[in-house]
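Hi everyone, thanks for coming. Let me put the sequence and the model up on the screen, and then I'll walk you through a few places in it.

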Amino acid sequence: MTDITRIDQNARRSRASVFGDLVFLAGHVADTKSADITQQTKEVLAKIDDMLARSGTDKSRLLSVQIWLKTMADFDAMNAVYDAWVVPGNAPGRACGKVELADPGYLIEVIAIAARR
């Protein structure tokens, strides 16, 4: 049986869970809630990069990304950052939608699944 490795776990969640060759990332949000969507997107994607590295993979191995936005008015600005971040030729499956996020200061939350090999 394959073990599950949980990274940065507390009583409520793990920021990443590794099962076999798959990495499941929890929703990641920006630290700077007063920042605009461009800065928050950069912060979130940097966290995704960090969690993927800590899990033994990187963004070139992403399989699926879910993006939740506070408002679809931020869609174009978020995409400008996201499109520059995605590895050319390795774009994952993706969904994006408007969601009421847990804190009104959050403009974006990103969830991802990646392969390790």
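**A short tour**

Let's begin at leucine 63, which sits in strand β4, covering residues 62-69. Before going on, please keep in mind that this is a predicted model, where local features need pLDDT of at least 70, side-chain atom pairs count only at pLDDT 80 or more, and totals for chains, interfaces and linings use all residues. Numbering runs from 1 along each chain as its sequence is written, and side-chain values use heavy atoms, with hydrogens and water left out. When I say helix or strand, I mean DSSP runs numbered from the N terminus: H or I of at least four residues for helices, E of at least two for strands.

Back to leucine 63: it counts as partly exposed because its relative accessibility is 45%. On that scale, buried is under 20% relative accessible area, exposed is over 50%, and partly exposed is in between, using a 1.4 Å probe and protein chains only. Leu63 joins Ile4, Phe19, Leu22 and Phe24 in a nonpolar surface patch of about 430 Å². A patch takes residues with over 30% relative accessible area and no salt bridge, joining nonpolar side chains (Val, Leu, Ile, Met, Phe, Trp, Tyr) within 5 Å and like charges within 9 Å. The areas come from the Shrake-Rupley method with a 1.4 Å probe, and for residues only the protein chains shown count as cover.

Now to charges. Side chains of opposite charge can pair when their charged atoms come close. How many salt bridges does the structure hold? There are five, each defined as a side-chain nitrogen of Lys or Arg within 4 Å of a carboxyl oxygen of Asp or Glu.

In one of them, arginine 15 meets aspartate 8 at 2.8 Å, N to O. Aspartate 8 belongs to strand β1, residues 4-9, and has a positive phi near 55° although it is not glycine. It is partly exposed at 34%, and arginine 15 is partly exposed at 29%.

Another links aspartate 103 and lysine 33, with the closest N and O atoms 2.9 Å apart. Aspartate 103 is in the loop between β5 (93-98) and β6 (108-115), and lysine 33 in the loop between β3 (22-28) and α1 (37-54), so the pair ties together parts 70 residues apart in sequence.

What about arginine 54 and aspartate 50? Their closest N and O atoms are 3.8 Å apart, in a salt bridge. Here the partners are four residues apart in helix α1, so about one helical turn separates them.

Arginine 54 also gives us a distance to look at: its C-alpha is 33 Å from that of alanine 73, with their positions 19 residues apart in sequence. Alanine 73 lies in the loop between β4 and α2 (75-85), and is exposed because its relative accessibility is 67%.

Last stop, the largest pocket, with about 160 Å³ of space. Arg15 turns up again in its lining, along with Gly27, His28, Val29, Ala30, Asp31, Lys47, Leu101, Ala102, Tyr106 and Glu109. That makes five nonpolar, two polar and four charged residues, where Ala, Val, Leu, Ile, Met, Phe, Trp, Tyr, Cys and Pro count as nonpolar, Asp, Glu, Lys and Arg as charged, and the others, Gly among them, as polar. A pocket is an open set of points on a 1 Å grid over the protein atoms alone, where a 1.4 Å probe fits, with protein on both sides within 12 Å along at least five of seven lines; lining residues have an atom within 4 Å of a point. Thanks for listening!

Terms used
Grid points are joined across faces, edges and corners, and a volume is the space filled by probe spheres set on the points.
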